[in-house]
Amino acid sequence: MDGPAAPRRHGRFRIVIVSRPRRAASVTVGIIARNARGTVRTAVRSALRDRHVSRVLVWDDGSDDGTSSVLGDLDDARLIVAGTAENHGIPASRNAVLERVDTPHLAWLDADDLCLPGRFGAQLSTLDRGHDIVFTPVVEWLHGTPAIRPQLVPALSPEATPFHLLLGNPFMNPTMLARTEVLRELGGYRTVASEDYELWIRAALGGYRLHRTLRPFVVYRRHRAQTTQQASWRAARSETTIVEEGFDRLAERTIGFSPSWFAWQRAGRPSGEVPANLLADADRFDRAIRRLPPAERAPLRRQTRRLRSLASTETT
């Protein structure tokens, strides 16, 4: 039973040890799985090890390899397996999970990734400090090899987040833990490539506080079959203006202009197509971030230096 322990005497002093009440499990972990028979079981077990997890909801998005069947003998009442016979895509699957969540917090984990011990306790403590959506770095694992590499990135404050979103997506979606009500207030995910990045932009525009911690808590498996490695996904990023419209609104609000590099970066920085105003826009961006503390300006300036380097290479 939690609460004050019986007092103990140590010399002239009386010592009272007070134990902190244990937080009730409040997290639903959503796992979108399509043809993930070989990895989803390990992902699920890594999430179920955490005492803060109330349930793990695996959404089978039209698998044809028996993905759901490999979870049948996991004896844990917190595990729920649902889904559709047909493939509807990641945004629709994420929204299907969001509709079914009945806990205060929702976290994501990819079907081929792993939760590290202590993840949700650490993230919940960060939420308690006034944040709405919390991310962590990852430990990258090159699939099929023993090679692992911790992602060496700084912590990212809510104040710096809008600036980082203007240079790319600074957050790894499988590391997200958010207040469920916040994701619902934002309307969930839209059917676009980079649906997570588009949602983070809307969250920043809505005044929600996004934060990335310093310590990695997810093992992120890198392999050629990943959605983001497919040419069709990379091509789809340029097929809609929804993300660009959000980017433009965030840019105007944050730095007073919309940088010219967005479409070029979304297209994969094609050779010979560097925007004419890139160098000038990078200078304007650097002036805009002067309002941030020096430690938060440094990683942003490293990114604009890389943009300048790419532009200089193209013009020499």
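Colleague: What is the relative accessibility of Arg41?
Modeller: This is a predicted model, where local features need pLDDT of at least 70, side-chain atom pairs count only at pLDDT 80 or more, and totals for chains, interfaces and linings use all residues. Residues are numbered from 1 along each chain as its sequence is written, and side-chain values use heavy atoms, without hydrogens and water. Arg41 counts as partly exposed (buried is under 20% relative accessible area, exposed over 50%, partly exposed in between; 1.4 Å probe, protein chains only), because its relative accessibility is 26%.

Colleague: Which residue meets Arg41 in a salt bridge?
Modeller: A salt bridge needs a side-chain nitrogen of Lys or Arg within 4 Å of a carboxyl oxygen of Asp or Glu. In this pair the N to O distance is 2.6 Å. The partner counts as exposed, at 56% relative accessibility. The residue is Asp73.

Colleague: How many residues apart in sequence are the parts that Arg41 and Asp73 tie together?
Modeller: Arg41 lies in helix α1 (residues 40-48); helices (H or I, at least four residues) and strands (E, at least two) are DSSP runs, numbered from the N terminus. Asp73 lies in the loop between β4 (53-61) and β5 (79-84), so the parts tied together are apart in sequence by 32 residues.

Colleague: Which residue forms a salt bridge with Glu159?
Modeller: Glu159 is partly exposed at 43% and sits in the loop between β10 (148-150) and α4 (161-165). Its partner is in the loop between α6 (195-205) and β12 (210-212), 50 residues apart. The closest N and O atoms are 3.3 Å apart, and the partner is Arg209.

Colleague: How many salt bridges does the structure hold?
Modeller: Glu99 and Arg100 meet in one, at 3.7 Å, N to O. Glu140, Arg149 and Arg222 are linked in a network. The number of salt bridges in the structure is 13.
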